Amino acid sequence: MSLFPFKFKKTAKSFLGVDVGTSAIRVVELGRRGKDIQLDNYGEVKTASLSKDTLLNSNQQLGAFLKAILREADMKSRAVNFSIPDFSSFFTSFELPPMPEKELEQAVRFEARSYIPLPLSEITLDWQLVGERKILVAAIPNSTISQYQQIASIAGLEIRALEAEVFALARPLAREEQNTSAIIDIGARSTTCNIFEKGTLKISHSFNVSGNELTEILRRSLKINYEAAEELKKKAGVWGIAGQEKEVGEILLPLIDAMLSEVKKTFNNFRQQEGKDVEIVILAGGSALMPGLKEYFFEELDKKVDIANPFSSISFPQILEETLKEMGPVYAIAVGLALKGLE
């Protein structure tokens, strides 16, 4: 278990964001002091020993892990928002004619029946209005929601909201002053390319090239164990380093190029639909800090590329600045969930 060792002075109002990922559970506790939002605490527990689909594991075990984080990091808040991973939800979009806001809910549910391959009685809809007519919809199975409710209950938490990862990810990263940005979230199980215009989601596309797949191809090619391959990926990255590890980049590049191919397709679709180009790319997720990845994306996409830093507008002790920059790409979803609770 990797937990934050410092103790913060708690704020009067604080909130938890919990990201139950494939490889780890991450928790962020944020508080509001006047107009400022501050980091009260954070923590994580690795779940590498669990199965590939985290939610297939024992709810009791996940709840116990989460409870341990809260205890060890001395988190006092009990109000929490959870994220729903992309692979546990179904995304679609459609257009509706302009109508009063009070009529939208019913209209969305009626129209969604034509796009979602599950009975509406078995799902919960999370949706967002884009512009005047376009509706982005995430359908979440009620069975998944029930699992999160059980996990929260075991950990002694009170769920205030469940939110699709893309909406949580956007809150600290896709700012309204940015014209057009793309957040590429390289997760353990999948990668998602999300395009935003002035903070509003326009396109979300998920594909199977992932952080775990990058590690796995190293494991097979070099005939080493998974842990050694993961460490090598983080150390050598895209370019590789001198000596034997130089071949790491050569092994990884075909998969990274496949990832870039999907990203370019998404950018082209956006250009065709909106007549605009993406201006800035933000890399998030566990593999975002791979050496050379940011530079390679810059070369291939010919766009400004940044590493996700969800703590940029949050107050925290100066001593943590470098640590939080390194943690930023994997904590963005948890930060976004906690921010939602303070809105």
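I'll start with a sheet. This is a predicted model, and in it three strands make an open sheet in the order S6-S8-S7, with antiparallel pairing. The edges are strand S6, residues 90–95, and strand S7, residues 123–130; each of them pairs on one side only. From one strand to the next, the twist averages 25°.

Look at the pairing of S7 with strand S8, residues 134–141. These two run antiparallel and are joined by 8 bridges. To find one position in that pairing, take Leu129, which stands opposite Ile135 in S8. Across S6, S7 and S8 lies helix H2, residues 101–112, and it runs at about 115° to S7.

Now the other sheet I want to show. It is open and has 5 strands, in the order S12-S11-S10-S13-S14, and its pairing is mixed. Which strands stand at the edges? They are S12 and strand S14, residues 304–307; each has a single partner strand, so one side of each is left without a neighbour in the sheet. The twist here averages 20° from one strand to the next.

Let me walk through part of this sheet. S10 and S11 run antiparallel, with 7 bridges joining them. They form a hairpin, and 4 residues sit between the two strands. Within this pairing, Asp185 has Thr192 in S11 as its bridge partner. On to the next pair: S11 and S12 are also joined by 7 bridges, in the antiparallel sense. There, the bridge partner of Thr192 is Ser206 in S12. So Thr192 appears in both pairings, with Asp185 and with Ser206. The hairpin of S11 and S12 has 2 residues between the strands, and in it Lys198 takes a positive phi near 50°.

How many residues of S11 are buried? The count is 7 of the 7 residues, so S11 is largely enclosed by the rest of the structure. Thr191, Cys193, Ile195 and Glu197 point one way from the strand, while Thr192, Asn194 and Phe196 point the other way, and all are buried.

Next, the nonpolar cores. As background, nonpolar side chains in soluble globular proteins tend to be buried together. In this model the largest nonpolar core has 35 residues, and those with the most contacts inside it are Ile256, Phe267 and Phe297. Several elements supply at least two residues each, among them strands S10, S11, S12 and S13, and helices H5, H6, H7 and H8. Which of them gives the most? Helix H7 does, with 10 residues. As for Ile256, if we leave aside its neighbours within four places in sequence, it is in contact with Leu214, Val238, Met290, Leu293, Tyr296 and Phe297. There is also a second, separate core of 22 residues, which includes Ile25, Met75, Val80 and Ile140.

One residue in H5 is worth a stop. Ser221 is found in that helix, which covers residues 211–222. Is Ser221 buried, exposed or partly exposed? Its relative accessible area is 39%, and partly exposed means between 20% and 50%, so it is partly exposed. Its side chain reaches the backbone oxygen of Ile217 at 2.8 Å. Ser221 and Ile251 are 30 residues apart in sequence, and their C-alpha atoms are 7.5 Å apart in space.

Last, the aromatic pairs. A pair of aromatic rings is described by the distance of the centres and the angle of the planes. A search of the whole structure finds 3 such pairs, and I'll show two.

In the pair of Tyr42 and Tyr331, the ring centres are 5.6 Å apart and the planes are at 75°, so the pair is edge-to-face. Tyr42 lies in strand S4, residues 36–46, and Tyr331 in helix H9, residues 321–342, so the pair ties together parts that are 289 residues apart in sequence. Tyr42 is buried, with a relative accessible area of 6%, and Tyr331 is buried too, at 2%.

In the other pair, Phe82 and Tyr148 have ring centres 5.5 Å apart and planes at 55°, so this pair is tilted. Phe82 lies in strand S5, residues 79–84, and Tyr148 in helix H3, residues 142–155, so the parts tied together are 66 residues apart in sequence. Both Phe82 and Tyr148 are buried.

Technical notes:
Residues numbered from 1 in each chain as written. Predicted model: local features only at pLDDT ≥ 70, side-chain atom pairs only at ≥ 80, totals over all residues. Heavy atoms only, no water. Pairing = 2+ DSSP bridges. Axes fitted to C-alpha atoms, helices over the stretch in contact; angles between N-to-C directions. Contact = heavy atoms within 4.5 Å. Buried < 20%, exposed > 50% of the residue type's maximum accessible area, 1.4 Å probe, protein only. Polar contact = N/O pair within 3.5 Å; in protein donor to acceptor, adjacent residues only side chain to side chain. Core = buried A, V, L, I, M, F, W, Y, C linked by side-chain atoms within 4.5 Å. Phe/Tyr/Trp six-rings, centres within 6.5 Å; stacked < 30°, edge-to-face > 60°.
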